[in-house]
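Reader: I would like to learn how to read a model like this one, feature by feature. Could we go through it together?

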Amino acid sequence: MTASYEARGSVGLISLNNPPVNGLGLATREDICLHLDTALNDASIKVVVLVGAGKSFSGGADIKEFGTPKALQQPNLLGVIETIERFAKPVVAAIHGLAMGGGLELALGCHYRVALSGTNIAMPEVKLGLIPGAGGTQRLPRAIGVQYALEMIVSGASEKSDSLVQIEGQKLFDQLFKSKSVEDFVQDACTYANSVSLARPLPKLRDNASRGGQDEAQLTGLFQGVRDKLAQSARHFPAPLKCVDAVEKTLNATFEQGMLYEREVFLSLMQTPECKALRHLFSAQRNCSKIDDVPAVTPLRLVKTVAIIGAGTMGSGISMNFLNALLPTTIIDTNSQALDRARSLIIKNYESQIAKGKLSEADFKKRIACLRTSIDFGDIQTADLVLEAVFEQMSVKEEVFKKIDALAKPGAILATNTSTLDINTIASFTSRPQDVVGLHFFSPANIMKLLEVVRAEKTALDVLATVMDLSKSIQKTAVVAGVCDGFIGNRMLEQYVRQAFFLVEEGCSPHQVDQAIERFGFAMGPFRMYDLAGNDIGWAIRKRRYLEKPEIKYSKIADLICEHGRMGQKTNAGWYDYLPGQRKAIVSPLVETLIDTFRKEKGVVPRSISDQEICDRLLFALINEGAYILEEGIAARAGDIDVIYTTGYGFPTHTGGPMHYANHLGLQAVVKRMQEFAKNPVDGEAFWRPAPLIQRLCASGENFQ
Ligand code: NAD
């Protein structure tokens, strides 16, 4: 059963029991109603207490049910809440751990609510492109006032029960307990329930919402201010503005009218592509930590100490992740100045967090106490994880991995942060290739959430299980990739950037390309991105490609920019001009002239290219390479690719990532468009061969999975 029942004296105790977060799927809703009936029909029961078994009260609706008939099937959540509101005996919600979304709405329908100190409370529906759909927009403002409710519902952010209970005049919690354990809390809740068992109040959260002492003009200003803030993003994210409209109903409409409005909006948002995309990403993010042949019960290796080799850009950024998790970390480099630079950079980063109020002085001290720097390789001997971030040259990696192999303790995990080199080859430099894995962090490594875990041919299952687990403690979103040039993210990016260069060769300005894809929703267009990363990085890769894969064609326009020393922001000149110390990209007349001359020399007559063509070519280049990656098993699921792109490459979340976007457009439409592009004289035919997987899926009418 997904909810259990127990009579404790005159209390009927219903425990939601649907791990991991007591989701309110159909079975749970049915069980709640069944137990309510039992409590109703037992004359000795005077009051009902609703609790969550395990770590939380409830994480809310079961999102797997969304969009399926089960979500609406009676008793739906609204129906359960109504039953509780009308219930003849008082019902007390006893909330611990977390109460989110539907879980909070369920609690709001109860006659009394008590909470354990430290409980997380949120209405996160907006993050899935929705508004709360079971009375949340109507009851929460009545419980904590419109201003606080508006903030919570529009942001989806979580608040602690302790701060909510401080709100003046709040009706959310009747009592906050500081019980020592969850068991004690349940007992405290039952004692509280007995004290109110004689009074079943009328539903408390149906009057007009609390104005929090604000007059009409102040409230108008409040709502307008929030609407103004949301206006720009509303094109891609319609739900937050709808939350504002719904909350406003608590002031200017009856409870019943507000409920009807909320339901209507909830159901219509559910059908929007944005909501489907965000729900897809939510599930994809949960799934990407699963590896088919690594059972959940795989024993983990213990990682208590870390050694990072290489104190450069990546080494220092990566170290901060382990320091944040208070894991003793030693950075090792042959260059003592690099070590000093790394230490001061880390301290500077922490100091800026302190200045912003994001880190306390005490936590800073704890973190920095975990940091050691050393020029002695012997210091890796005690490390459970040795992570290499030295120069990107196979000969350097060989020298370093041979040293690591000689010194690291047996069973230590040996990781490399290489972005392009073959990890099977790197593993072969050691006598223990089963311990070698790729941990591809993204720059700045202390900030970027994405981590590609690269599984080499011989990587042991427990190594994989351990690094996936470790990624959670350092708060990264880890996705597994197979070994290939560029892994998942950068391999796809190469095709995207090749198209960007072709587009400029054919007639676009870099600015036009950036603007078009930024309007689509990308955080940054390819030319601004290259200027930020450094044009020399791509140049070095292309030079290698010209030798290794001469059949792959690149527009030489990018090389020309580099030959003029325009490496990007770091040289104040790249595809754009930059004022010293500033990041604002300024269209460069010199680059325009360079491009013009380049086209003339090649005999290219520039043509006008629409924004639609720009976006399609950039996006379909990603999608086609993504299909090859899926087919080759480099990525296990299309959703993994979407997580990588939305987490690490600024791909707009409202589209669900490149593979979901392709499914949304329809693969047949994608292939048809590729066939049109194939007619392009600039490398059209070679570039636009639809991957065999897309062709097969098209023929069978299926989608990327
Ligand atoms: P970097 O040049 O900033 O730093 C490299 C450091 O390694 C230097 O401090 C150098 O002194 C040290 N080093 C070189 N040889 C060494 C040796 N034999 N023993 C000990 N230390 C040695 O380089 P980076 O940008 O930090 O890149 C490091 C690795 O991370 C590369 O493999 C790179 O491909 C990868 N990577 C870089 C990025 C990025 O955006 N910079 C992103 C992902 C991955």
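Reader: Let me start inside the protein. How much space lies in the largest cavity?

Author: Happy to help, and please keep in mind that this is a predicted model. The largest cavity holds about 60 Å³ of space. The search of the whole structure finds two cavities of 30 Å³ or more.

Reader: Which residues line the largest cavity?

Author: A good habit is to list the lining first and then place it on the secondary structure. Here the lining is made up of S509, P510, H511, W575, Y576, V587, S588, V591, E592 and I595. Two elements give two or more residues to that lining, α20 (510-520) and α24 (589-602). With three residues, α24 gives the most.

Reader: And how do the residues of that lining divide by class?

Author: Six are nonpolar, three are polar and one is charged.

Reader: What is the volume of the second largest cavity, and which residues line it?

Author: Its volume is about 40 Å³. The lining of the second largest cavity consists of E85, L108, G109, C110, H111, P203, K204 and L205. By class, that makes four nonpolar, two polar and two charged residues.

Reader: Let us move to the ligand. How many residues surround it, and which are the closest?

Author: The ligand is surrounded by 25 residues, and the closest are M314, D333, E392, K397 and S419. The shell around the ligand divides into eleven nonpolar, ten polar and four charged residues.

Reader: What should I look for once I have the shell?

Author: Look for polar atom pairs, and note whether the protein atom belongs to the backbone or a side chain. For M314, a backbone N or O atom is 2.8 Å from an oxygen atom of the ligand. The other two cases involve side chains: an N or O atom in the side chain of E392 lies 2.5 Å from a ligand oxygen atom, and a polar side-chain atom of N417 is 2.9 Å from an oxygen atom of the ligand.

Reader: How much of the ligand does the protein bury?

Author: Area lost on coming together is a common way to express this: the size of an interface is often given as the accessible area lost when the parts come together. In this model, the ligand taken alone exposes 830 Å², and the protein buries 80% of that.

Reader: Which elements give two or more residues to the shell around the ligand?

Author: They are α13 (313-324), α16 (394-407) and β15 (436-441). The largest share, four residues, comes from α16.

Reader: How is the chain divided into domains?

Author: The assignment gives domain 1 (3-269), domain 2 (306-481) and domain 3 (489-700). Between the C-alpha centres of domain 1 and domain 3 there are 46 Å.

Reader: Finally, how do I read the backbone for unusual geometry?

Author: Start from the usual case: most residues other than glycine have a negative phi, and most peptide bonds are trans. Then look for departures. P19 and P20 are joined by a cis peptide bond, with omega about 5°, and P20 sits in the loop between β2 (11-16) and α1 (26-41). N22 lies in the loop between β2 and α1, and its phi is near 55°, a positive value in a residue other than glycine.

Reader: Where is P75 found, and what kind of peptide bond joins Q74 and P75?

Author: P75 is in the loop between α2 (69-72) and α3 (77-86). The bond joining Q74 and P75 is cis, with omega about -5°.

Methods: Residues numbered from 1 in each chain as written. Predicted model: local features only at pLDDT ≥ 70, side-chain atom pairs only at ≥ 80, totals over all residues. Heavy atoms only, no water. 1 Å grid on protein atoms, 1.4 Å probe; cavity = no way out; pocket = protein on both sides within 12 Å on 5 of 7 lines; lining within 4 Å. Points joined across faces, edges and corners; volume = space filled by probe spheres on them. Nonpolar A, V, L, I, M, F, W, Y, C, P; charged D, E, K, R; others polar. Near = heavy atom within 4 Å. Polar contact = N/O pair within 3.5 Å; in protein donor to acceptor, adjacent residues only side chain to side chain. Areas by Shrake-Rupley, 256 points an atom, 1.4 Å probe, with all protein chains shown as cover. Domains from an automatic or database assignment.
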